[in-house]
Amino acid sequence: MTTTPKTQKAPKAPTITEPDGAAIPAPIKLTCPFAFYDENNELKSWQAGQEITDPAEIKTLLDAGAEHEDME
């Protein structure tokens with residue numbers, strides 16, 4: 001009896017886990033420009049295609065609804 005090796009799937013993008021156990025994909029790439037004013041009335045902006053690797057920045061963008069794709 002011959003066995004065939006199982007194919008391995010490509011690894012997914014690494015994730016960051018928040019204290020509540022929720023996973024945040026890291027890194028991400030924005031698919032559209034995105035900007036908003038924060039609670040201090042400071043403009044925060046990013047360009048389409050920009051790669052984001054900072055976990056806190058990723059969380060901010062995801063919480064604000066930025067369109068993105070996970071990078072692998």
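Start your tour by selecting Ile 24: at 7% relative accessibility, Ile 24 counts as buried, because anything under 20% falls in that class. Keep in mind as you click around that this is a predicted model. Ile 24 is found in strand 2, which covers residues 23-25. Now add Asp 70 to your selection. These two residues are 46 positions apart along the chain, and their C-alpha atoms are separated by 9.9 Å.

**Zoom out for a moment**

Show the whole chain as a cartoon. You'll find 1 helix and 7 strands. Walking from the N terminus, the elements run β-β-β-β-β-β-α-β. Of the 72 residues in the chain, 19% are buried. And of the contacts with a separation of 6 or more, 47% are between residues 24 or more positions apart.

**Stop 1: the nonpolar core**

Select Ile 24 again, and this time add Ala 26, Ile 28, Leu 30, Phe 34, Trp 46, Ile 52, Ile 58, Leu 61 and Ala 66. Together these 10 residues make up the largest nonpolar core. Which elements give two or more residues to this core? They are strand 3 (28-30) and helix 1 (55-64). There's a general habit to remember here: in soluble globular proteins, nonpolar side chains tend to be buried together.

Next, pick out Ile 28 from that set and show what surrounds it. Leaving aside residues up to four places away in sequence, Ile 28 touches Gln 50, Glu 51, Ile 52, Ile 58, Leu 61, Leu 62, His 68, Glu 69, Asp 70 and Met 71.

**Stop 2: the three-strand sheet and its helix**

Colour strands 3, 6 and 7. They form an open sheet of 3 strands in the order 6-3-7, with antiparallel pairing. Strand 6 (51-52) and strand 7 (68-70) stand at the edges with a single partner strand each, so one side of each has no neighbour in the sheet. In general, strands of a sheet pair through backbone hydrogen bonds, either parallel or antiparallel.

Look at where strand 3 meets strand 6: the two run antiparallel and are joined by 2 bridges. Click on Lys 29, and you'll see that it stands opposite Glu 51 in strand 6.

Then turn on helix 1. What does helix 1 lie across? It lies across strand 3, strand 6 and strand 7, and runs at about 50 degrees to strand 3.

**Stop 3: the hairpin**

Move on to strand 4 (34-37) and strand 5 (43-46). These two run antiparallel, joined by 4 bridges, and they form a hairpin with 5 residues between them. To see one bridge pair, select Phe 36 and its partner in strand 5, Lys 44.

While you're in strand 4, click on Tyr 37. Is Tyr 37 buried or exposed? At 55% relative accessibility, Tyr 37 counts as exposed, because the cut-off for that is over 50%. Not counting residues up to four places away in sequence, Tyr 37 touches Glu 42 and Leu 43.

**Stop 4: the loop between the strands**

Slide along to the loop that links strand 4 and strand 5, and select Asp 38 there. Asp 38 is buried, with a relative accessible area of 15%. Show its side chain and check two distances. A polar atom of the Asp 38 side chain lies 2.9 Å from the backbone nitrogen of Asn 40. The backbone nitrogen of Glu 42 also lies 2.9 Å from a polar atom of that Asp 38 side chain.

Asn 41 lies in this loop too. Asn 41 counts as exposed, at 60% relative accessibility. Its phi is near 65 degrees, a positive value in a residue other than glycine.

**Stop 5: the aromatic rings**

For the last stop, show the rings of Phe 34, Phe 36 and Trp 46, which ring pairs link into a cluster. The structure holds 3 aromatic pairs. Take Phe 34 and Phe 36: their ring centres are 6.0 Å apart and their planes stand at 65 degrees, so this pair is edge-to-face. Those are the two values to look for, since a pair of aromatic rings is described by the distance of the centres and the angle of the planes.

Finally, switch on the surface. Phe 34 is buried, with a relative accessible area of 17%, whereas Phe 36 is partly exposed, at 23%.

Notes
Residues numbered from 1 in each chain as written. Predicted model: local features only at pLDDT ≥ 70, side-chain atom pairs only at ≥ 80, totals over all residues. Heavy atoms only, no water. Core = buried A, V, L, I, M, F, W, Y, C linked by side-chain atoms within 4.5 Å. Buried < 20%, exposed > 50% of the residue type's maximum accessible area, 1.4 Å probe, protein only. Contact = heavy atoms within 4.5 Å. Polar contact = N/O pair within 3.5 Å; in protein donor to acceptor, adjacent residues only side chain to side chain. Phe/Tyr/Trp six-rings, centres within 6.5 Å; stacked < 30°, edge-to-face > 60°. Pairing = 2+ DSSP bridges. Axes fitted to C-alpha atoms, helices over the stretch in contact; angles between N-to-C directions.
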